[in-house]
Amino acid sequence: LTFGAHATGYVAGDDGRPQALWIAQRSFTKATDPGLFDNLVGGGVPHGQTPHETLLREGWEEAGLQPPQLAHAVAG
């Protein structure tokens, strides 16, 4: 049994609702699924780490996002 934490980003409109999605595209040089669309960030949740902690780690590793930029992340 494994768990993963994945995030899809969006730009909020004036009413706070999603106005535009961030659509990530995998590098064409990736060995797995090159060029396909993907989550903004994502990864496996290791033993001893919460999904939120994983999101923060992956956000930095994969997209250069700082914890304050992920402060409004909610589980879906």
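Arg57, Glu58 and Glu61 are linked in a network of salt bridges. The model is a predicted one, and this little network makes a handy way into it. On one side, Arg57 pairs with Glu58, with the closest N and O atoms 2.8 Å apart. On the other, Arg57 pairs with Glu61, and here the closest N and O atoms sit 3.7 Å apart. That still makes the cut, because a salt bridge calls for a side-chain nitrogen of Lys or Arg within 4 Å of a carboxyl oxygen of Asp or Glu. Arg57 and Glu61 both belong to helix α1, with their positions 4 residues apart, or about one turn of the helix.

The three partners get quite varied amounts of cover. Glu58 has a relative accessible area of 7% and is buried. Arg57, at 26%, is partly exposed, while Glu61 is exposed at 51%. Glu61 earns that label because exposed means over 50% relative accessible area.

Searching the whole structure turns up 3 salt bridges. Away from the network, Asp38 forms a salt bridge with Arg26, and the closest N and O atoms of this pair are 2.8 Å apart. Asp38 lies in strand β5 and Arg26 in the loop between β4 and β5, so this bridge ties together parts that are 12 residues apart in sequence. Asp38 itself is partly exposed, with a relative accessibility of 34%.

Stepping back to the overall layout, the chain has 1 helix and 6 strands. Read from the N terminus, the order is β-β-β-β-β-β-α, so the helix comes after the strands, with elements being numbered from the N terminus. The C-alpha atoms fill a box of roughly 40 × 35 × 25 Å along the principal axes. Of the 76 residues in the chain, 21% are buried.

Now for the pockets. The largest pocket holds about 700 Å³ of space. It is lined by 22 residues, and those closest to its centre are Ala7, Thr8, His72, Ala73 and Val74. Three elements give two or more residues to this lining: β1 (4-7), β2 (10-12) and α1 (51-63). Of these, β1 supplies the largest share, with 4 residues. What sort of residues make up the lining of the largest pocket? The split is 14 nonpolar, 8 polar and no charged residues.

The second largest pocket has a volume of about 170 Å³. Charged residues do turn up here: its lining divides into 3 nonpolar, 4 polar and 4 charged. Both members of the Asp38 and Arg26 pair are in this lining, and other residues there include His6, Ala24, Ser27, Lys30 and Glu62. A run from Asp38 through Asn39, Leu40 and Val41 to Gly42 is part of the lining too.

A few single residues also deserve a look. Leu70 is found in the segment after α1 and is buried, with a relative accessible area of 9%. Its C-alpha atom is 9.7 Å from that of Ala7, although the two residues are 63 apart along the chain. Ala7 has already come up as one of the residues closest to the centre of the largest pocket.

Asp33 catches the eye for its backbone: phi is near 50 degrees, a positive value in a residue other than glycine. Asp33 is in the loop between β4 (24-25) and β5 (37-38), the loop that also holds Arg26. With a relative accessible area of 43%, Asp33 is partly exposed.

Finally, there is the surface. Tyr10, Leu21, Ile23 and Phe37 together make a nonpolar patch of about 480 Å². Where does Leu21 sit? Leu21 is in strand β3, which covers residues 18-21. Buried or exposed, then, for this Leu21 side of the patch? Leu21 is exposed, at a relative accessible area of 54%.

Key. Residues are numbered from 1 along each chain as its sequence is written. This is a predicted model: local features need pLDDT of at least 70, side-chain atom pairs count only at pLDDT 80 or more; totals for chains, interfaces and linings use all residues. Side-chain values use heavy atoms; hydrogens and water are left out. Patches are made of residues with over 30% relative accessible area and no salt bridge: like charges are joined within 9 Å, nonpolar side chains (Val, Leu, Ile, Met, Phe, Trp, Tyr) within 5 Å. Accessible areas come from the Shrake-Rupley method with a 1.4 Å probe; for residues, only the protein chains shown count as cover. Buried means under 20% relative accessible area, exposed over 50%, partly exposed in between (1.4 Å probe, protein chains only). On a 1 Å grid over the protein atoms alone, a cavity is a set of points where a 1.4 Å probe fits but cannot get out, and a pocket is an open set with protein on both sides within 12 Å along at least five of seven lines; lining residues have an atom within 4 Å of a point. Grid points are joined across faces, edges and corners, and a volume is the space filled by probe spheres set on the points. Ala, Val, Leu, Ile, Met, Phe, Trp, Tyr, Cys and Pro count as nonpolar, Asp, Glu, Lys and Arg as charged, and the others, Gly among them, as polar.
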